[in-house]
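This briefing looks at strand pairing in a single structure, with attention to which strands are neighbours and in which sense they run. Please keep the sequence and the 3D view at hand while reading.

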Amino acid sequence: MKKVIFFIITTILLFGYEVITPHKKITYDYYISKIAFNNKYLIAGLENGSIIIKNFNNLKTLITINLPKIHDFMGDKIPMPIYSIDISPDNKEVLILTEDENAKRTLFIYNLNTKTLKKIFTINQTLMKANFIDNKKIFFAKLSDEITLYDLTKKKFIYTTQLDSYVFSTYALNNDKTKIALGDESGNIKIANTITGKKIATIIGFNKDKTLSLDYQKNEIINASNDKRVGIYTENGKIINTLDAKFLPYAAALSPTLKTFAIQYDEKNNIMVYSQYNKPLYLLKGHTMPLNGMKYINSTTLISYSPSEILIWKIKE
């Protein structure tokens, strides 16, 4: 114990930050494609086409869903690529957006009560990411920088809006899911209303290349881009903070209190947690592959994932 305390104190004195190891580590038999979580469930979509639903608190596996296979261009059967997973606000359903035959997209809904998987539609559009806006409406972004909203009750799309003319990268929802911040190859951020599809603003700022990761907390957005630039903006476009990263920031996250932010820090797949004034606070060591995503669960807990593992971290605010 004395050696651990001595190591922590020495690290802080030498580097100015504390080195943190994972609080929990979750691994699977296959690479992880996408995850979703809330205070009840942790769901992972794997590259073999299976969906593993765990109890978030004790991490016991509750349900395994095996998606149907599709054919590749040689006619061989392969697992469905998984593009998006999300849990409905009432914790009753899970959406699963996948690639289907001939590069079409299929939306499945899994009912957690009846434990049944239902195909909602298969469509010849490049839907890339999806989230529940409420229990009956699903928001999508397309590869073509378009957004669209599907009503599960009316069984139709409500609107489709072209936000820009670049190739879509990713988006983040605000806390009440009424707005999105969308990133693409331009490095700009587009703000839009998820209910109406109306474009609200375009933020042209510090980032000049493809957005790699976004997060949206309160009225602030973090944009980590391919030019190793990390910008934090208000949703009306004011630049709050900028950081030149030392490595490609494949994942970035803002604290719910906006007091800290985290990015993939280096080629060793470490994460650095910074203060809002860019002071390095914590180096999170434990990932074995580049990150695919990261999110604050609360101001002192983060979850991050790579193809190899999901890690949960505890820090001080």
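**Pairings of β27, β28 and β1**

Strand β27, covering residues 271–275, is joined to β28 by 4 bridges, and the two run antiparallel. The model described here is a predicted one, and the points below follow β28 to its other partner before turning to a separate topic, the open sheet. In general, strands of a sheet pair through backbone hydrogen bonds, in either a parallel or an antiparallel arrangement.

*Around β28*

- Within the pairing of β27 and β28, Ile271 stands opposite Leu284 in β28.
- The hairpin that β27 and β28 form has 4 residues between the strands, and in this hairpin Asn278 takes a positive phi near 70°.
- Strand β28 (residues 280–284) also pairs with strand β1 (residues 18–20), in this case in the parallel sense and over 3 bridges.
- In the pairing of β1 with β28, Val19 is the residue that stands opposite Leu283 of β28.

*The open sheet of 4 strands*

- An open sheet of 4 strands follows the order β9-β10-β11-β12, and its pairing is antiparallel.
- Because β9 (82–87) and β12 (116–123) each have a single partner strand, they stand at the edges, and one side of each is left without a neighbour in the sheet.
- Neighbouring strands of this sheet are turned against each other by 15° on average, with direction ignored.
- Strand β11, made up of residues 105–111, runs antiparallel to β12 and is joined to β12 by 7 bridges.
- Across the pairing of β11 with β12, Asn111 stands opposite Thr116 in β12.

How values were computed: Residues numbered from 1 in each chain as written. Predicted model: local features only at pLDDT ≥ 70, side-chain atom pairs only at ≥ 80, totals over all residues. Heavy atoms only, no water. Pairing = 2+ DSSP bridges. Axes fitted to C-alpha atoms, helices over the stretch in contact; angles between N-to-C directions.
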